[in-house]
Each structure stands twice: as C-alpha cells, then as structure tokens.
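Me: I would like to go through this model and ask, term by term, what stands behind the words used for it.

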Amino acid sequence: QKMSNEILCEKCGSPMRPLDSQKPIGMTCDKCGWGWATTYIEPIFSDTTTYCLTIRKMNCPDAKALRVLANILNCNYIKAKEQVTTQDVEIADRATSIKEYAITLGKNDIPFDISPDFPYEIK
C-alpha cells in the first residue's frame, strides 16, 4: 500500500490544500469548504533579516556537488565549478531560502557558513 502525506478533510474525506503556499497558516477543502486556520506563524516566515550564506572554496568538487551547486547558484556545472574553485561564493537572501540552501548543502557535505548568527535549526 502506498503511503501518502496528503491530508484529508474531516468532514468529507477529500484532499485538503494549504491556504498559503509560502506559510503554513491553514488548510481548506475545495469540495465541502471545511478547513482550519491558525494565527501562529513560525518566526522564520516573518524574519526580515538578510542573511549571507557563504559556500566555502572547494579544491575538487565532485559531480554530485557540482550538480547541487549549479542548482543553488542557478548556473551550469562549468560556471559553478569556476566560481567555487576560485573563491568563496556568497548568497544573500531571507531566512526561509537560506535555510533551504543550508539543508541541501549540509546533506551533500558542501562546506558553508551563515552570517549573522542564524537562529533556526538546520536539519
């Protein structure tokens, strides 16, 4: 049997959808209209700080690392290799994006730093 992360409506059993694709504020059922909402929003979503994620210079990144770096840096493998083998590469962005990048880099053993101090758990 296939496992699903789909949340079903308590009233009619139909799939529910998030009220907002960027923030986890609630769910609604398109079939019957039932739903729920919360006023609590995780602090990371309202954090307006610009964080700087620095990907540390790498001597010989492998193909897997280059694929990840090209995706994060929005460039091709050659450009990604060129950037990361000549210098540290900095990305400035909001907390939610920086956290996504950090999780991806961490899973792929690509060294990085974040400044200022990043108050959110990266896992």
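The questions and replies below take up a buried serine, a sheet, a helix and a pocket.

Reply: One caution first: this is a predicted model, in which local features need pLDDT of at least 70 and side-chain atom pairs count only at pLDDT 80 or more, while totals for chains, interfaces and linings use all residues. Residues are numbered from 1 along each chain as its sequence is written, and side-chain values use heavy atoms, with hydrogens and water left out.

Me: Why is serine 14 called buried?

Reply: Buried means under 20% relative accessible area, with exposed being over 50% and partly exposed in between (1.4 Å probe, protein chains only); serine 14 has 12% relative accessibility, and therefore counts as buried. Serine 14 is found in the segment before strand E1 (16-18), and, leaving aside neighbours within four places in sequence, is in contact (heavy atoms within 4.5 Å) with Ile7, Leu8, Cys9, Cys29 and Lys31.

Me: How do you know that strands E4 and E6 pair?

Reply: Strands (E, at least two residues) and helices (H or I, at least four) are DSSP runs, numbered from the N terminus, and two strands pair if DSSP finds at least two bridges between them. Strand E4 (residues 51-55) and E6 have four bridges, in the antiparallel sense, so the pairing criterion is met. One of the partnerships is that of cysteine 52 with serine 115 in E6.

Me: What makes E5 and E6 the edges of their sheet?

Reply: The open sheet of three strands has the order E5-E4-E6, with antiparallel pairing. Strand E5 (89-93) and strand E6 (112-115) each have a single partner strand, so one side of each is left without a neighbour in the sheet. Helix H4 (residues 95-107) packs on this sheet, touching E4, E5 and E6.

Me: Which residues of helix H2 are buried, and what do they pack against?

Reply: In helix H2 (residues 63-73), the buried residues are Ala65, Leu66, Val68, Leu69, Ala70, Ile72 and Leu73, and they pack against E4, helix H3 (77-86), E5 and H4. Just after H2, asparagine 74 takes a positive phi of about 55 degrees.

Me: Which element gives the most to the lining of the largest pocket?

Reply: H4 gives the most, with four residues. The elements that give two or more residues to this lining are helix H1 (43-46) and H4.

Terms used
Axes fitted to C-alpha atoms, helices over the stretch in contact; angles between N-to-C directions.
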